[in-house]
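Below are some comments on the model you sent, set out as numbered points. They move from the chain as a whole to the sheet, and then to the helices that lie against it.

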Amino acid sequence: MVDLRTAVEDALDQVSSAAAAMQVRIDTALQQAQVTGDRVLLERLVSNLIDNAVRHNVTGGWVLAATRHEAAFAELTVASSGEPITPGEVSGLFEPFRRISGRAGSRSGTGLGLSIVASVARAHGGRAEATARPDGGLEVQVRLPATAHPDAYGPVLGRSQA
C-alpha cells in the first residue's frame, strides 16, 4: 500500500528549497489516501506533479496539494499559480516532450513529467486530468482506485511478467 499523503509530504520536502528561492507558498489539505501498486512509480507520479507545480510557477506564487479518499477512489490534486495557459495547450501537456514555450521555468526539463503522471495513473487503473486555471496556472487531478491489481502496471510500462 502507498499512502499518497505521505508521498506528497516527501515530495514537498524535496522541492522546499526551490519553492523558497521562488517565494512560492505551499499549502496542503492532506487526508489519508491509500492505493495499491508500485511504490516507486506512484511516488514518481506525485513528485513529478509537485516538482512541476513549483518549477512552472511564478515568483511569489502558490501551490496547493490535496489528497482525499472517496468511496473506492483516492484522489490527488495539485493546483498552482503560474502564467496563463490556454485550453488548447492543456490538452497536449500529457503528451511526451510537450512543454509550453514561455512558461516560467520551462528552460529546464524534458517535457516528460505529465506524460509519466498519465502513464502511471493509467497503469494503476486511474486517470489524470488537467485544467487551466482562469487566473493562470494549472490544476491537475489524479484519481486512482483505492485498490488495484498489483500486476496491472507491468505490461503497460513495458515490464515483463515473470
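1. Buried residues account for 46% of the 162 residues in the protein chain, and this figure, like the others in this note, should be read with the reminder that the model is predicted. The accessible surface of the protein chain is about 8,200 Å², and carbon and sulfur atoms hold 50% of that area. Of the contacts in the protein chain between residues at least 6 apart in sequence, 70% link residues at least 24 apart.

2. The secondary structure consists of four helices and seven strands, and along the sequence the elements of the protein chain follow the pattern β-α-β-β-α-β-β-α-α-β-β.

3. Five strands make up an open sheet of mixed pairing, with the order S2-S4-S5-S7-S6. Its edge strands are S2 and strand S6 (127-132), each of which pairs on one side only. On average, and with direction ignored, neighbouring strands of this sheet are turned by 10 degrees against each other.

4. Where does the mixed character of the pairing in this sheet appear? Strand S2 (residues 25-30) is parallel to strand S4 (residues 62-70), to which six bridges connect it, and within this pair Asp 27 has Leu 64 of S4 as its bridge partner. The pairing of S4 with strand S5 (residues 73-80), by contrast, is antiparallel and extends over eight bridges, with Arg 68 opposite Glu 75 of S5. S5 is also joined by eight bridges to strand S7 (residues 138-145), again in an antiparallel arrangement, and there Ser 80 stands opposite Leu 138 of S7.

5. The connection between S4 and S5 may merit a look at the backbone torsions. It is a hairpin with two residues between the strands, in which Ala 71 adopts a positive phi near 50 degrees.

6. Helix H1 lies across S2, S4, S5 and S7, and its direction is at about 175 degrees to that of S2. Helix H2 likewise packs on the sheet, where it touches S2, S4, S5 and S7, and its direction makes about 20 degrees with that of S5.

7. The geometry of H2 (residues 39-55) can be checked against expectation: at 1.5 Å a residue its 17 residues should span 24 Å, and because the end C-alpha atoms are 24 Å apart, the two values agree. At the start of this helix, a side-chain oxygen of Asp 38 comes to within 3.0 Å of the backbone nitrogen of Val 40. The buried residues of H2 include Leu 41, Leu 45, Leu 49, Ile 50 and Val 54, and also polar ones, among them Ser 47, Asn 48 and Asn 52.

8. Is Leu 12 buried or exposed? This residue, which is found in helix H1 (residues 4-21), has a relative accessibility of 12% and therefore counts as buried, the cut-off being under 20%. When its neighbours within four places in sequence are left aside, Leu 12 is in contact with Ile 26, Thr 28 and Ile 50. Of these partners, Ile 50 is one of the buried residues of H2. Leu 12 also lies 8.0 Å from Ser 47, C-alpha to C-alpha, although 35 residues separate the two in sequence, and Ser 47 is likewise buried in H2.

Key: Residues are numbered from 1 along each chain as its sequence is written. This is a predicted model: local features need pLDDT of at least 70, side-chain atom pairs count only at pLDDT 80 or more; totals for chains, interfaces and linings use all residues. Side-chain values use heavy atoms; hydrogens and water are left out. Buried means under 20% relative accessible area, exposed over 50%, partly exposed in between (1.4 Å probe, protein chains only). Contact means heavy atoms within 4.5 Å. Accessible areas come from the Shrake-Rupley method with a 1.4 Å probe; for residues, only the protein chains shown count as cover. Two strands pair if DSSP finds at least two bridges between them. The expected span of a helix is 1.5 Å times one less than its number of residues. A polar contact is a pair of N or O atoms within 3.5 Å; within protein, one must be able to donate a hydrogen and the other to accept it, and residues adjacent in sequence count only if both atoms are side-chain atoms. Axes are lines fitted to C-alpha atoms, for helices over the stretch in contact, and angles run from 0 to 180 degrees between N-to-C directions.
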